[in-house]
Amino acid sequence: MDIKNAQKAVDSWIKEHGVRYFNELTNMAQLTEEVGEVARIIARRYGEQSEKESDKNKDLGEELADVVFVVLCLANQTGIDLQAAFDKKMDIKTERDHDRHHNNKKLK
């Protein structure tokens with residue numbers, strides 16, 4: 001599913017299962033919470049912190065999907081065509097960073 005269709009799917013889900021979108025500030029807080037859950041898994045599973053028994057069954061993919069869902073909500077409610085914005089960003093990054101990382105000695 002591309003981003004444009006994902007935005008439509010989220011909007012349909014909100015209309016069918018939700019009452020309305022949470023306001024933008026609430027969704028920003030929710031996004032922060034979801035990113036924190038991703039950070040917790042990454043820090044404990046791949047970083048130096050030990051993983052608590054209660055965290056071992058946490059699904060990183062599910063938590064990343066939660067982040068994407070809230071980002072799509074924010075894009076919908078602020079009128080952002082996230083597909084167009086993402087495509088533009090990829091073009092910018094490609095032009096700006098084409099050789100940048102190949103020449104980074106830290107990545108060798």
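Start with helix H2, whose buried residues have H3 among the things covering them. (Helices are DSSP runs of H or I with at least four residues, strands are runs of E with at least two, and both are numbered from the N terminus.) What you have open is a predicted model, in which local features need pLDDT of at least 70 and side-chain atom pairs count only at pLDDT 80 or more, while totals for chains, interfaces and linings use all residues. Residues are numbered from 1 along each chain as its sequence is written, and side-chain values use heavy atoms, leaving out hydrogens and water.

**Stop 1: H2 and H3**

Select residues 24-45 for H2 and residues 60-77 for H3. Which residues of H2 are buried? Color Asn 27, Leu 31, Glu 34, Val 38, Ile 41 and Arg 44 to see them. (Buried means under 20% relative accessible area with a 1.4 Å probe on protein chains only; exposed means over 50%, and partly exposed is in between.)

Now turn the view until you can look along both helices. Their axes are 9 Å apart and the packing angle is about 160°, which makes H2 roughly antiparallel to H3. (Axes are lines fitted to C-alpha atoms, for helices over the stretch in contact, with angles from 0 to 180 degrees between N-to-C directions; under 35 degrees is roughly parallel, over 145 roughly antiparallel, 65 to 115 roughly perpendicular, and the rest oblique.)

Show the side chains where they meet. On the H2 side you'll find, among others, Met 28, Leu 31, Val 35, Val 38, Ile 41 and Ile 42, and on the H3 side, among others, Leu 60, Leu 64, Val 67, Val 70, Val 71 and Leu 74. (Contact means heavy atoms within 4.5 Å.) The contact of H2 with H3 has 13 nonpolar, 3 polar and 6 charged residues. (Ala, Val, Leu, Ile, Met, Phe, Trp, Tyr, Cys and Pro count as nonpolar; Asp, Glu, Lys and Arg as charged; the others, including Gly, as polar.)

Got a distance tool handy? Put it on the end C-alpha atoms of H2: they are 31 Å apart, which agrees with the 32 Å that its 22 residues should span at 1.5 Å a residue. (The expected span is 1.5 Å times one less than the number of residues.) H3, with 18 residues, reaches 26 Å from its first C-alpha to its last, close to the expected 26 Å.

**Stop 2: off the end of H2**

Click on Tyr 46, in the loop between H2 and H3. Is Tyr 46 buried or exposed? At 58% relative accessibility, Tyr 46 counts as exposed. Not counting residues up to four places away in sequence, Tyr 46 touches Ile 41 and Leu 60. You've already met both: Ile 41 is one of the buried residues of H2, and Leu 60 is one of those buried in H3. For a look across the model, draw a line from Tyr 46 to Lys 15: they are 31 residues apart in sequence and 38 Å apart in space, C-alpha to C-alpha.

**Stop 3: the other neighbors of H3**

Stay on H3 and color its buried residues: Leu 60, Glu 63, Val 67, Val 70, Leu 72, Cys 73, Leu 74 and Ala 75. What do they pack against? H1, H2 and H4.

Bring in H1, residues 3-17. H1 and H3 pack at about 85°, with axes 9 Å apart, and are therefore roughly perpendicular to each other. Ile 3, Ala 6, Gln 7, Val 10, Asp 11, Trp 13 and Ile 14 of H1 meet Phe 69, Leu 72, Cys 73, Ala 75 and Asn 76 of H3. By class, that contact of H1 with H3 has 9 nonpolar, 2 polar and 1 charged residues.

**Stop 4: H1 meets H4**

Gln 7 is a good place to zoom in. Gln 7 is buried, with a relative accessible area of 9%. Beyond four places in sequence, the contacts of Gln 7 include Leu 72, Ala 75, Ile 80 and Gln 83.

Hop over to Gln 83, in helix H4 (residues 82-97). At 17% relative accessibility, Gln 83 counts as buried too. Neighbors within four places aside, Gln 83 is in contact with Asp 2, Ile 3, Lys 4 and Gln 7.

Zoom out to both helices: the axes of H1 and H4 come within 7 Å and cross at roughly 150°, which makes H1 roughly antiparallel to H4. Ile 3, Lys 4 and Gln 7 of H1 and Leu 82, Gln 83 and Phe 86 of H4 make the contact. The classes there are 3 nonpolar, 2 polar and 1 charged.
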